[in-house]
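Here are my notes on the model you sent. Please read them with the structure open beside you.

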Amino acid sequence: GRSDWSSDVCSSDLSFIAGKMDPLPGGVKFSDDVTFMYLQGTTHVDALGHAWYGDQVYGGKSAQSTVGGHSHADVSALGSKGIVGRGVLLDVGRQLGTDSNYQLSPGTCITLDDLTETAENQNAEIRKRDILLIRTGSIQRYYADPAWSAMSEPGLCYSEELVEWIKEMEIP
């Protein structure tokens, strides 16, 4: 495409003009798109395979089964077909955050009451099998100061009440 600031230079050409890229043999130039993502700070469909108490991971597998991958919590089948459902964004960062960016402090424990109160204040109904997206504001903190990742991220706190609610609501 064309750059807004120059009608004579293709924006893809700028890397070559700046000397950051060289044409391929024969003079062929090229461009590509790149995405950089902090994978552990985004939606994490296979999260149950990444954390555990004691010596067992989700599904009763040994914690030693995580060496070299998480085949027991593999989501490639989901990825090949896609995931479709009703998504509900719960902005817990806005609900409980204390700063102007609506971020939860590192280590904040999100309870079932926090989730239901957030939904109520947002006038959002949580239905059976809804896909819950819980915004904590952590990714903003990471971009502002990557050193924060050494701290404990905010997240759901274990309680029997929360586990039973998730099971009862069939939250994926």
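**Notes on salt bridges, helix faces and surface patches**

1. Arg86 is partly exposed, because its relative accessible area is 32%. This is a predicted model, so every value here is computed from predicted coordinates. Arg86 has a partner, Asp130, and their side chains meet in a salt bridge. The N to O distance is 2.5 Å. Asp130 is buried, with a relative accessible area of 2%. The two ends of this bridge therefore fall in separate classes: Asp130 is under the 20% cut-off for buried, while Arg86 at 32% is partly exposed.

2. Where do Asp130 and Arg86 sit in the chain? Asp130 is in the loop between helix 4 and strand 7 (131-135). Arg86 is in the loop between helix 2 (76-81) and strand 5. The pair links distant parts of the chain, 44 residues apart.

3. Now the second bridge. Asp91 forms a salt bridge with Arg135, and the closest N and O atoms are 2.8 Å apart. Asp91 lies in strand 5 and Arg135 in strand 7, so the pair ties together parts that are 44 residues apart in sequence. Strand 5 covers residues 87-91.

4. Is Asp91 buried or exposed? Asp91 counts as buried, because its relative accessibility is 13% and the cut-off for buried is under 20%. Arg135 is at 21%, so Arg135 counts as partly exposed.

5. Asp91 also has a contact in space to note. Asp91 and Thr136 are 45 residues apart in sequence. Their C-alpha atoms are 6.9 Å apart.

6. A third bridge joins Glu125 and Arg127. Here the closest N and O atoms are 3.4 Å apart. Both partners are partly exposed: Glu125 has a relative accessible area of 48%, and Arg127 has 41%.

7. Which residues are joined into one network by salt bridges that share partners? They are Asp91, Arg94 and Arg135. The count for the model comes to six salt bridges.

8. Next, helix 4. This helix spans residues 112-121. Its buried residues are Leu112, Asp114, Leu115, Thr118 and Ala119. They cover an arc of only 165° around the axis, which puts them on the same side of helix 4. Glu120 and Asn121 are exposed on the other side of the helix. The general rule helps in reading this pattern: an α-helix has 3.6 residues a turn, so residues three or four places apart point the same way.

9. Helix 6 can be read likewise. It runs over residues 160-169, and Leu162, Trp165 and Met169 are buried in it. Seen down the axis, these buried residues fall within an arc of 65°, so they line one face of helix 6. On the other side of helix 6, Glu160, Lys167 and Glu168 are exposed.

10. Which residues gather in the patch of negative charge on the surface? They are Asp113, Glu117, Glu120 and Glu161. Helix 4 supplies the largest share of this patch, with three residues. Asp113 is found in helix 4. Asp113 counts as partly exposed, because its relative accessibility is 44%. Glu120, another member of the patch, is among the exposed residues of helix 4.

11. There is also a nonpolar surface patch. Leu24, Val28 and Phe30 make it, and its area is about 250 Å². Val28 lies in the loop between helix 1 (14-17) and strand 3 (56-57). Its relative accessible area is 46%, so Val28 is partly exposed.

12. Last, the overall layout. The secondary structure comes to six helices and eight strands. From the N terminus on, the elements run β-β-α-β-β-α-β-α-β-α-β-α-β-α. The protein has 172 residues, and buried residues make up 21% of them. Among the buried residues are Asp130, at 2% relative accessible area, and Asp91, at 13%.

Methods: Residues are numbered from 1 along each chain as its sequence is written. This is a predicted model: local features need pLDDT of at least 70, side-chain atom pairs count only at pLDDT 80 or more; totals for chains, interfaces and linings use all residues. Side-chain values use heavy atoms; hydrogens and water are left out. Patches are made of residues with over 30% relative accessible area and no salt bridge: like charges are joined within 9 Å, nonpolar side chains (Val, Leu, Ile, Met, Phe, Trp, Tyr) within 5 Å. Accessible areas come from the Shrake-Rupley method with a 1.4 Å probe; for residues, only the protein chains shown count as cover. A salt bridge is a side-chain nitrogen of Lys or Arg within 4 Å of a carboxyl oxygen of Asp or Glu. Lys and Arg count as positive and Asp and Glu as negative; His and the chain ends are not counted. The place of a charge is taken as NZ of Lys, CZ of Arg, CG of Asp or CD of Glu. Helices (H or I, at least four residues) and strands (E, at least two) are DSSP runs, numbered from the N terminus. Buried means under 20% relative accessible area, exposed over 50%, partly exposed in between (1.4 Å probe, protein chains only). The arc is that of the directions from the helix axis to the C-beta atoms.
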